Amino acid sequence: MAATGDEAAAMESISKAPVPPTDLTLTLTAEPEHKTDATENQKAKRPSNNNDGGVETAEEATEPAEPDINELCRDMFDKMSVFLQGELTATCEDYKLLENMNKLTSLKYMEMKDISINISRNLQDLNQKYASLQPYLDQINQIEEQVTALEQAAYKLDTYSKKLEFFHWNLDFCRK
């Protein structure tokens, strides 16, 4: 909305008001070397406690040329637009990265689910096979017990036969 009449005059007077100088620059300048006074030359040759080597002088800042407010605002909005566009782009990229990470995580969990289902199925198969083999394993245990008992009987028989043989040998020895 454009200002008209008194509003336009007031705005124009505000935009053309002189800006007070805010910048004051201080510079160091060396003493001029064209002094002809002998006492001045002696002072210059004497060692001095002043280490700055010069005199501070103040220079008045010059007023900058009045910039066009519309141009400055347009420049500011363009730069803000670029800044905000960059921030939004970075945020969008972060969300895309997060989305891709979530997708990959979901795929990994599905793979792990499939692996665990396969392990569970294989475990059930092994349990069924073990259950079907259980009667045979029981028979093997019974046979092992019987073999152990038979082995003990064979040792006893061997011991008894050795005693008989010893007795028979002694009997033969006594007869001679």
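User: Why is Lys79 called exposed?
Analyst: The relative accessible area of Lys79 is 54%. Exposed means over 50%, buried means under 20%, and partly exposed lies in between (1.4 Å probe, protein chains only). Lys79 passes the 50% mark, so the label is exposed. The model is predicted: local features need pLDDT of at least 70, side-chain atom pairs count only at pLDDT 80 or more, and totals for chains, interfaces and linings use all residues. Residues are numbered from 1 along each chain as its sequence is written, and side-chain values use heavy atoms, with hydrogens and water left out.

User: What makes Lys79 and Asp75 a salt bridge?
Analyst: Their side chains meet at 3.4 Å, N to O. The rule asks for a side-chain nitrogen of Lys or Arg within 4 Å of a carboxyl oxygen of Asp or Glu. The pair fits, so it counts as a salt bridge. Both residues lie in helix H3, 4 residues apart, about one turn of the helix.

User: Why does Asp75 count as partly exposed?
Analyst: Asp75 has a relative accessible area of 35%. That value falls between the two cut-offs, so the label is partly exposed.

User: How do you know that Glu99 and Lys103 pair?
Analyst: Their side chains meet in a salt bridge at 3.7 Å, N to O. They too lie in helix H3, 4 residues apart. Glu99 is partly exposed at 42%, and Lys103 is partly exposed at 48%.

User: What separates Lys162 from Asp158 along H3?
Analyst: About one helical turn, because they are 4 residues apart in helix H3. The closest N and O atoms of this salt bridge are 3.6 Å apart. Lys162 is exposed at 53%, whereas Asp158 is partly exposed at 35%. By the rule, the count comes to 4 salt bridges, these pairs among them.

User: How many disulfides does the structure hold?
Analyst: It holds 0 disulfides. The test is a pair of cysteine sulfur atoms within 2.5 Å. Cys73 counts as partly exposed, with 34% relative accessibility. Cys92 is also partly exposed, at 43%.

User: Which residues form the nonpolar patch on the surface?
Analyst: Met76, Phe77, Met80, Phe83 and Leu84. Together they have about 520 Å² of accessible area (Shrake-Rupley method, 1.4 Å probe; for residues, only the protein chains shown count as cover). Patch residues have over 30% relative accessible area and no salt bridge; nonpolar side chains (Val, Leu, Ile, Met, Phe, Trp, Tyr) are joined within 5 Å, like charges within 9 Å.

User: Why does Phe77 count as exposed?
Analyst: Phe77 stands at 55% relative accessibility. That is over 50%, so the label is exposed. Phe77 is found in helix H3, residues 69-175.

User: What makes H3 a helix, and where does it sit in the chain pattern?
Analyst: Helices are DSSP runs of H or I with at least four residues; strands are runs of E with at least two, and both are numbered from the N terminus. The protein chain has 3 helices and 2 strands. Along the sequence the pattern reads α-β-α-β-α, so H3 is the α at its end.

User: How much of the chain counts as buried?
Analyst: Of the 176 residues, 1%. The chain exposes about 17,100 Å², and carbon and sulfur atoms supply 59% of that.

User: Which elements have the lowest and the highest mean pLDDT?
Analyst: Strand S1 (residues 24-29) has the lowest, 44, and H3 the highest, 93. pLDDT is the predictor's confidence in each residue, from 0 to 100. The chain mean is 78, and 64% of residues reach 70 or more.

User: Where does pLDDT stay under 50?
Analyst: Over residues 17-48. The model has 24 contacts (heavy atoms within 4.5 Å) beyond four places in sequence for them. Where pLDDT is low, the predicted coordinates should not be read in detail.
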